[in-house]
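Thanks for coming, everyone. Please take a moment with the sequence and the structure on the screen, and then I will walk you through a pocket, a helix and some aromatic rings.

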Amino acid sequence: MKRSEPLWKVAYENSKEEMKNWMERFAESYEKNPEELLELLQFGSQFYQYSVKNTTLIFLQNPNATYVQSFAAWKEMGANIRKGQKGLKVYVPKQVTYLCTEPPVQLKDATKEQKAAFKEGIIPGKKVLCFGIGNVFDISQTDFPKENYPKMFKMGDKSKTHQEWFQIMKEFAEQELNSVVRQQDVQSITLRGLYNTRNNKIIINELLNDTEMLSTLTHEIGHRITVQPGMKESEAELAADMVSIMMIHRFGLELTDSRKRHFVDHYRKVDPEHIEPILERVFETYRTTREKLQPYEERQRKQKVRKEQDYERAVKASI
């Protein structure tokens, strides 16, 4: 009776087959849709130290990954993998010893007699470069301090005022736009947020600090109120940026550098003839939204006045 394979080995072989299938499906996909290859090339510019196969595997598992390392590499940097996070599978080179028998047998699978003969030099061996499966983790899956992220991935600054406006806008989105707003793990530090048209849900990256949180929420609200069937991605992003810029300015706050860059990047991608229709759509929806937003703004201003009065009374009482 044939001995059954250990469970770990079965799982290992299944993982290898799964990774192979991912690669084959992606190859078929980008032959039909070259835009997917373009996305891979843009993604790969961040992962030039990885092979094409591993870059593709990382992209297929998490297209928003930014900076990945092994468990050991993160540990050396003093960072831990957050509980519940799953690694991204990649191919890992390793040297494997095969015994020069007929047929060749891997040393770890050899019999006791074969291993003894190899040790005594009776059966020669040969090292072969093979590829096993390893795991890497994106920086978003770790507790690496946000303040130490590279500057281009700045997650925003702490700000009580922005925090208060975020809560106001969250309440506005949920009560007036019927959009559920959730802060959650999005497995990335570059993906700031997203608006899901199917369930009318807004997701905000839980790693963001106050200034970026508010900027992202107003941007996703922009998607919610300006989205139209058939809009190109760059046009939809530009319209959402315009709404965000108008709202942030209305609140008397400074735009984040990332919002400015995002706006300029997508403005350059839009056909100049489409700019005016987008502006008209944005101004029309913003005007309607502003009317609904006014009671929420007024509440924020009253809260600010009360805090200032409380502070003045506290100062006078201490004199």
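**The largest pocket and helix H2**

Helix H9 is the element that gives the most to the lining of the largest pocket, contributing 7 residues, and I should say at once that what we are looking at is a predicted model. The space in that pocket comes to about 1,700 Å³, and among the 34 residues that line it, Thr-190, Glu-233, His-262, His-266 and Lys-269 are the closest to its centre. Sorted by class, the lining has 13 polar, 11 charged and 10 nonpolar residues. At least two lining residues come from each of H2, strand S6, helix H7, helix H8 and H9.

Let me stay with H2, which spans residues 34-44 and in which Leu-40, Phe-43 and Gly-44 are buried. Viewed down the helix axis, these buried residues fall within an arc of 95 degrees, so they line one face of H2. On the face turned away from that buried side we find Pro-34, Glu-35 and Leu-41, which are exposed.

Phe-43 also leads us to the aromatic rings, since it forms one cluster with Phe-26 and Phe-59. The count of aromatic pairs is 7. In the pair of Phe-26 and Phe-59, the ring centres are 5.9 Å apart and the planes stand at 70 degrees, and because an angle over 60 counts as edge-to-face, the pair is classed that way. Phe-26 belongs to helix H1 and Phe-59 to helix H3, so the pair ties together parts that are 33 residues apart in sequence. Both partners are buried, Phe-26 at 6% relative accessibility and Phe-59 with a relative accessible area of 10%.

Key: Residues numbered from 1 in each chain as written. Predicted model: local features only at pLDDT ≥ 70, side-chain atom pairs only at ≥ 80, totals over all residues. Heavy atoms only, no water. Buried < 20%, exposed > 50% of the residue type's maximum accessible area, 1.4 Å probe, protein only. Helix = DSSP H or I, 4+ residues; strand = E, 2+ residues; numbered from the N terminus. Arc of directions from axis to C-beta. 1 Å grid on protein atoms, 1.4 Å probe; cavity = no way out; pocket = protein on both sides within 12 Å on 5 of 7 lines; lining within 4 Å. Points joined across faces, edges and corners; volume = space filled by probe spheres on them. Nonpolar A, V, L, I, M, F, W, Y, C, P; charged D, E, K, R; others polar. Phe/Tyr/Trp six-rings, centres within 6.5 Å; stacked < 30°, edge-to-face > 60°.
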